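The following note concerns the packing of secondary-structure elements in the model shown below. The points are numbered for ease of reply.

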Amino acid sequence: MKITAKTCILVLQLLCILFYSGNGIHALSYDYSATTECLAEPWRPHYGGGLIVNPEFNNGIEGWTVFGQGAIRQGISKDGNKYIAAHSRTQSLDSFSQKVQLEKGLFYSFSAWVQVSEGNETVLAVFKTSDGKLIPGGKVIAKHGCWSLLKGGLLPNFTSVMEIFLKSKNTKVEIWADNISLQPFTKQQWRSHQEKSIEKVRKRKVKFQLKHANKTALDAAIVSIKQTNSGFPFGCGMNQKILTSTDYQNWFASRFKFTTFTNAMKWYSTEGKQGQENYTIADAMVKFAKQNGISIRGHNILWDDPKYQPDWVKTLSPKELRKAAAKRINSVVTRYAGQLIAWDVVNENLHFRFFEDKLGENASAEFYKKAYQLDPKTTMFMNEYNTTECAEDEPPNAINYKKKLEEIRSFPGNADMLLGIGVQGRFDGDNPPDLAYMRSSLDILASTRLPIWYTEVSVGNGTNQSQYLEEVLREAYSYPAVEGIITFAGPESAGFKEMPLVDIDFRNTLAGDVVDKLLAEWKCETLETISDSGGSFEISLFHGDYNVTVQHPVSNSSTSIHFKVTKDLPPGIVHVQVDARF
């Protein structure tokens with residue numbers, strides 16, 4: 001047979017995956033679209049109400065009783081919509097309630113559409129245990145004239161009857177509610193939904209079609225697909241010990257392409273004495289990161305906690321403080337402008353008020369404006385703990401977080417600012433993470449349509465630390481609006497004592513095993529396949545960078561292409577020419 005030179009064309013067609021969440025009331029969903037607005041009429045109850053009796057109040061107030069003092073009644077809107085109202089209230093807890101049986105180890109997703117009789121008021125969902133303990137389960141700012149969605153959740157560590165009710169500090173208003181739902185999910189159901197979400201939001205289906213130049217199919221071609229970089233930022237905190245430890249450097253660079261410096265950029269690290277700035281350590285760490293292709297989140301410009309101010313800052317007058325803060329912002333931001341992917345501008349400004357108390361309520365907003373003016377292409381983040389971790393911690397909850405963001409964005413000059421949501425993710429090691437509350441909080445934050453990052457993920461030391469860490473990381477990674485994760489952990493030898501990922505000999509700890517397992521799981525292994533008789537095949541690929549090599553079945557000639565799979569990639573066709581002799 002005479003051998004001639006011919007050409008093969010590799011047609012790479014990127015296709016979208018349709019997401020399927022299953023049928024029936026047990027199909028979990030991310031639902032943050034409704035939290036962006038107050039509706040004239042409420043939506044139907046999630047999961048048909050789940051465990052709740054008479055969730056739509058079609059049977060009057062059957063199944064509901066008075067909680068505390070006051071009274072309850074059925075209300076009917078002009079359009080005929082029925083709801084329950086708590087009125088004649090004299091205490092914040094006066095409301096309506098219903099008792100439900102909860103089982104240990106199940107996740108419970110709670111939702112209710114809420115309105116108040118006048119003005120705007122904060123309304124909380126509360127779970128009362130049989131021994132009288134009150135557990136917060138969600139929060140919303142309810143308004144008069146429209147319905148707001150209250151979302152929350154609970155992971156009980158006991159099996160018991162609990163009483164659900166709503167709470168508002170303002171006893172002058174009536175609390176109205178409709179379409180209330182409480183739906184249980186097993187861990188298996190929760191995990192299944194995570195996997196389906198990952199398939200939808202972190203992967204794309206890719207169809208390969210291999211053809212000769214004459215458009216005939218190239219069958220039996222050997223195709224190798226190798227992922228070279230992950231499209232999802234998963235990183236690790238870094239401290240100055242990396243500058244003097246080759247083992248630390250090698251360990252970090254072999255795993256992570258994203259980082260946050262734990263302390264090196266903070267004000268107390270760069271200006272311990274007034275007027276004596278020293279960026280030597282931060283500069284060296286930036287240099288190391290750049291040399292190894294590691295992207296950096298800037299942490300932090302200012303910190304609202306009085307405990308962590310440089311000592312000399314604590315005694316400044318308001319006038320002196322304003323001047324010093326402006327100098328600090330100008331110094332650190334101009335030094336690293338254009339070199340970072342994010343700035344934590346005012347750290348933990350929901351828990352603390354150092355600058356607000358001294359400079360006024362707009363202090364944070366002014367600082368964000370100044371930082372953004374100096375580095376307008378970098379996203380400016382809030383950064384808080386316990387927003388998704390702990391329902392009992394009131395100041396940083398998702399409603400207050402969203403309100404603070406709106407205050408910053410509404411400040412003159414900030415409307416077009418690139419803003420981001422940083423949730424630290426510092427979870428307790430003694431109790432399992434409440435993933436239902438975590439998800440409902442993320443729903444509220446995601447309604448802003450701003451990027452969400454988990455910025456300092458850690459789990460306290462405890463028997464189940466590695467298990468809880470994996471549960472947190474899976475929930476964060478599977479949530480559609482989460483765009484990056486940084487763990488605040490590292491080598492034990494570098495001082496990471498609470499959750500080291502490797503011991504002093506750089507052998508993996510159990511937490512380190514979890515991180516390595518998930519890094520591998522969320523990245524495609526090198527794949528090899530053979531095209532079918534039509535010259536095509538389909539495969540689901542994680543977002544990221546890929547090299548594809550096609551080998552002709554007869555001549556063994558081959559060619560390679562590089563392509564990227566992203567969430568924003570529209571369907572398209574990439575043509576690659578292969579010289580094939582046969």
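1. How many bridges join strand 3 to strand 4? Six bridges join strand 3 to strand 4 (residues 82–87), and the two strands run antiparallel. Within this pair, Ala71 stands opposite His87 in strand 4. Strands and helices are DSSP runs numbered from the N terminus, a strand (E) having at least two residues and a helix (H or I) at least four.

2. The model is predicted: local features need pLDDT of at least 70, side-chain atom pairs count only at pLDDT 80 or more, and totals for chains, interfaces and linings use all residues. Residues are numbered from 1 along each chain as its sequence is written, and side-chain values use heavy atoms, with hydrogens and water left out.

3. Strand 3 belongs to an open sheet of five strands in the order 3-4-11-6-9, with antiparallel pairing; two strands pair if DSSP finds at least two bridges between them. Strand 3 (71–76) and strand 9 (148–154) are the edge strands, each pairing on one side only. From one strand to the next, the twist averages 35°.

4. Two helices should be noted against this sheet. Helix 1 lies across strand 6 (107–116) and strand 11 (175–185), and runs at about 95° to strand 11. Helix 9 (residues 435–446) touches strand 6 and strand 9, and its direction makes about 155° with that of strand 9. Angles run from 0 to 180 degrees between N-to-C directions, and axes are lines fitted to C-alpha atoms, for helices over the stretch in contact.

5. The axes of helix 1 (residues 187–201) and helix 10 (residues 465–478) come within 8 Å and cross at roughly 45°. The two helices are therefore oblique to each other (under 35 degrees counts as roughly parallel, over 145 as roughly antiparallel, 65 to 115 as roughly perpendicular and the rest as oblique). Among the residues in contact (heavy atoms within 4.5 Å) are Trp190 and Arg191 in helix 1 and Glu471 and Tyr477 in helix 10.

6. A second open sheet has four strands in the order 25-13-27-28, again with antiparallel pairing. Strand 25 (527–530) and strand 28 (558–565) stand at its edges with a single partner strand each, so one side of each is left without a neighbour in the sheet. Neighbouring strands here are turned by 20° against each other on average, direction ignored. Strand 13 (residues 222–230) and strand 27 (residues 544–551) run antiparallel and are joined by eight bridges; Lys226 has Asn547 in strand 27 as its bridge partner.
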